[in-house]
Amino acid sequence: MVAEVVGTYFLIFAGCASVVVNLDKDKVVTQPGISIVWGLTVMVLVYSVGHISGAHFNPAVTIAHATTKRFPLKQVSVN
């Protein structure tokens, strides 16, 4: 769960920060740049903590998948 919370935090932080920088600095990042930031952030998080959390990056998604038996319940950690 900690890996998912940390992953979600960094995903939202980096993605939203790119939007804020784009609006604050006279559209210097542009729409493709914002998309690249979101995509690269997901890639980095999948490689860094994906083996721990299954790369969902949202505890609600993991719990929902485990409940509907789309994700093994034994891999859902409660630590």
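This passage describes the fold, the aromatic pairs, the nonpolar core and two buried polar residues of a predicted model.

The protein chain contains 3 helices and 0 strands, and its elements follow the pattern α-α-α when read along the sequence. Helix H1 covers residues 2–24, and helix H2 covers residues 30–53. The C-alpha trace spans about 50 × 20 × 20 Å along its principal axes. The radius of gyration of the protein chain is 15 Å, whereas a compact globule of 79 residues would have a value near 12 Å. Of the 79 residues, 24% are buried. The accessible surface amounts to about 5,500 Å², and carbon and sulfur atoms contribute 70% of that area. Among contacts with a separation of 6 or more, 48% join residues that are 24 or more positions apart.

A search of the whole structure returned 2 aromatic pairs. Tyr-9 and Phe-10 form an edge-to-face pair, with 5.3 Å from centre to centre and 75° between the planes. The rings of Tyr-9 and Phe-13 have their centres 5.8 Å apart, and their planes meet at 20°, so this pair is stacked. The stacked assignment follows because planes under 30 degrees apart are counted in that class. Tyr-9 and Phe-13 both belong to helix H1 and are 4 residues apart, which corresponds to about one turn of the helix. Through these ring pairs, Tyr-9, Phe-10 and Phe-13 are linked into a cluster. Tyr-9 is partly exposed, with a relative accessibility of 49%. Phe-10 is also partly exposed, at 41% relative accessibility.

The largest nonpolar core consists of 5 residues, namely Ala-3, Leu-11, Leu-45, Val-49 and Phe-57. Helices H1 and H2 are the elements that give two or more residues to this core. In soluble globular proteins, nonpolar side chains tend to be buried together. Leaving out residues up to four places away in sequence, Phe-57 touches Leu-45 and Val-49, and also Glu-4, Gly-7, Thr-8 and Val-46. Leu-45 and Val-49 are thus both members of the core and contacts of Phe-57.

Thr-41 lies in helix H2 and is buried, with 13% relative accessibility. This value is classed as buried because the limit is set at under 20%. The side chain of Thr-41 reaches the backbone oxygen of Val-37 at 2.6 Å. Apart from residues up to four places away in sequence, Thr-41 touches Phe-10, Leu-11 and Ala-14. Of these contacts, Phe-10 takes part in the aromatic cluster, and Leu-11 belongs to the largest nonpolar core.

Asn-22 is located in helix H1 and is likewise buried, with a relative accessible area of 9%. A polar atom of the Asn-22 side chain lies 3.2 Å from the backbone nitrogen of Val-29. When neighbours within four places in sequence are set aside, Asn-22 is in contact with Lys-27, Val-28, Val-29, Thr-30 and Ile-34. Val-29 therefore appears both in the contact list of Asn-22 and as its backbone partner at 3.2 Å, a distance that meets the limit of within 3.5 Å for a polar contact. The C-alpha atoms of Asn-22 and Leu-11 are separated by 17 Å, and the two residues are 11 residues apart along the chain.

Technical notes
Residues numbered from 1 in each chain as written. Predicted model: local features only at pLDDT ≥ 70, side-chain atom pairs only at ≥ 80, totals over all residues. Heavy atoms only, no water. Phe/Tyr/Trp six-rings, centres within 6.5 Å; stacked < 30°, edge-to-face > 60°. Buried < 20%, exposed > 50% of the residue type's maximum accessible area, 1.4 Å probe, protein only. Core = buried A, V, L, I, M, F, W, Y, C linked by side-chain atoms within 4.5 Å. Contact = heavy atoms within 4.5 Å. Polar contact = N/O pair within 3.5 Å; in protein donor to acceptor, adjacent residues only side chain to side chain. Rg over C-alpha atoms; globule rule 2.2 N^0.38 Å. Areas by Shrake-Rupley, 256 points an atom, 1.4 Å probe, with all protein chains shown as cover.
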